[in-house]
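Q: Please take a close look at the pocket, ligand site and cavity of this model. Which residues form each of them, and what local backbone features should be noted alongside?

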Amino acid sequence: MPSRSVPGAAGYEAAPNIALVKYWGMRDERLVLPNNSSLSMTVGGLRTRTWVRFDPGLSADRLWLNGEPAGGGPLQGVAEFLDVVREEAGTRQFAEVRSDNDFPTASGLASSASGFAALAGAASQAAGLRLTPRGLSRLARRGSGSASRSVFGGFVEWEAGHRPDGEDCYARPLLPPDHWPELRDLVTIIADAPEKAVRSARAMQDTIRTSTAYAERLRSVPGRLANLRTALRMRDASRFLELLIAECDDFRHVCETTVPSLDYLTPASRAVLAAVLDLNRTAGSPIAGYTHDAGAHVHVFTFEPNVAEVEGRLRSIPGIASIRTLRPGPAAHPIPATGPAS
Ligand code: DP6
């Protein structure tokens, strides 16, 4: 194919998301097609901003993360993703990519979701592809499955789809960010959280191969997803919190039964889970719920007017570096193409 010259440069911004029903396991690793649909909340107050410039003078892709030149795994991930964009745009030009997070990259706050959603937006625009939001979600999925959801704001569902080519596998907005004004996500940042050693995309395939609990999880997720969708729509706080905990426990169970076992939590994370269960027992009905992804930080969901009580309890747990209070956040969107200089 002859290489086409592309329009050039673009910038895009995206927020991380926290999965309320997890994606865990792929039926196609190259196309990133999941075994089950998932549901998430895009979070406000955290953002990744990414700028991409295609340049006919470059002999390889180049990457800066938070102002520092990056190589190794991160550069390889970006270059492989840009290959997908180049293929769709019919160009062979390499690109310069700058990406900044306004939250600590190693903090485990899902930087791959916001990172690949922002990269998909910037790279597709810079390459002259005019994608619909759905098309952008499909493209972001190729970089990191969870990124397909960060294209949209508020509460988002990623449809697993059935087609082998992945055309019916994309996220779509379920409910807008202002749907449930009292809802809060208190993210407990664990002080000694280890850095993520293995990408989730690899770890989840080990679960498929080795966990005896995985088949049962696949059977139970559709029902839990439907119930959670309804609890969200109806703003049924007790049901929402119960389902959140049940789903997280099920996710942790398949991780722990993977061989070798996947244990993402620290003693402080486990103390947060125990504190939430204890708060609910004392209150007599659920006032808080927890969830975590493949990392040690725990997202504790609660509602006004219980935020102060829940937060006070979490603050008494040793080993928590800080607590960030998050709300549902906005969809990914374009920003001016002129980014920071290298
Ligand atoms: C547990 O799609 O973020 O967060 O980019 O390889 O790390 P990598 O994979 P990613 O995996 C997400 C796994 C999860 C659940 C979820 O977000 O649905």
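A: In this predicted model, helix α3 (residues 133-143) gives the most to the lining of the second largest pocket, contributing five residues. By their numbers, Gly135, Arg138, Leu139, Arg141 and Arg142 are the lining residues that fall within that helix. The lining also includes Leu31, Glu88, Leu131, Asp165, Gly166 and Glu167. The volume of this pocket is about 170 Å³. Its lining divides into six charged, three nonpolar and two polar residues. Leu31, Leu131 and Leu139 make up the nonpolar part, and the two polar residues are Gly135 and Gly166, because glycine is counted as polar in this scheme.

One backbone feature can be placed beside this lining. Valine 32, which follows Leu31 in sequence, has a phi near 55 degrees, a positive value in a residue other than glycine. Valine 32 sits in the loop between β3 (26-28) and β4 (33-34).

The ligand site comes next. Of the 17 residues around the ligand, those that come nearest are Tyr23, Ser144, Ser146, Arg149 and Arg199. Three contacts to ligand oxygen atoms can be described. A polar side-chain atom of serine 144 lies 2.7 Å from an oxygen atom of the ligand, and a polar side-chain atom of arginine 199 is likewise 2.7 Å from an oxygen atom of the ligand. Glycine 145 contributes through its backbone, where a polar atom is 3.1 Å from a ligand oxygen atom. The protein buries 96% of the 460 Å² that the ligand exposes when taken alone.

The shell around the ligand draws at least three residues from each of domain 1 (9-177) and domain 2 (183-326). Helix α5 (residues 200-210) provides the largest share of this shell, three residues. By class, the shell has seven nonpolar, five polar and five charged residues.

The enclosed space may be considered last. One cavity of 30 Å³ or more is counted, and about 30 Å³ of space lies in the largest cavity. Its lining is formed by Arg252, Cys255, Glu256, Leu262, Tyr264, Leu265 and His292. Four of these residues are nonpolar, one is polar and two are charged; the charged pair is Arg252 and Glu256, and His292 is the polar residue.

A cis peptide bond belongs to the loop that follows helix α7. The bond from valine 259 to proline 260 is cis, with omega near -5 degrees, and proline 260 is placed in the loop between α7 (237-256) and α8 (267-283). By their numbers, Leu262, Tyr264 and Leu265 of the cavity lining fall in that loop as well. Another cis bond runs from glutamate 304 to proline 305, with omega near 15 degrees. Proline 305 is in the loop between β14 (298-303) and α9 (307-315).

Methods: Residues are numbered from 1 along each chain as its sequence is written. This is a predicted model: local features need pLDDT of at least 70, side-chain atom pairs count only at pLDDT 80 or more; totals for chains, interfaces and linings use all residues. Side-chain values use heavy atoms; hydrogens and water are left out. On a 1 Å grid over the protein atoms alone, a cavity is a set of points where a 1.4 Å probe fits but cannot get out, and a pocket is an open set with protein on both sides within 12 Å along at least five of seven lines; lining residues have an atom within 4 Å of a point. Grid points are joined across faces, edges and corners, and a volume is the space filled by probe spheres set on the points. Helices (H or I, at least four residues) and strands (E, at least two) are DSSP runs, numbered from the N terminus. A residue is near a molecule or strand if one of its heavy atoms lies within 4 Å of it. A polar contact is a pair of N or O atoms within 3.5 Å; within protein, one must be able to donate a hydrogen and the other to accept it, and residues adjacent in sequence count only if both atoms are side-chain atoms. Accessible areas come from the Shrake-Rupley method with a 1.4 Å probe; for residues, only the protein chains shown count as cover. Domain bounds come from an automatic or database domain assignment.
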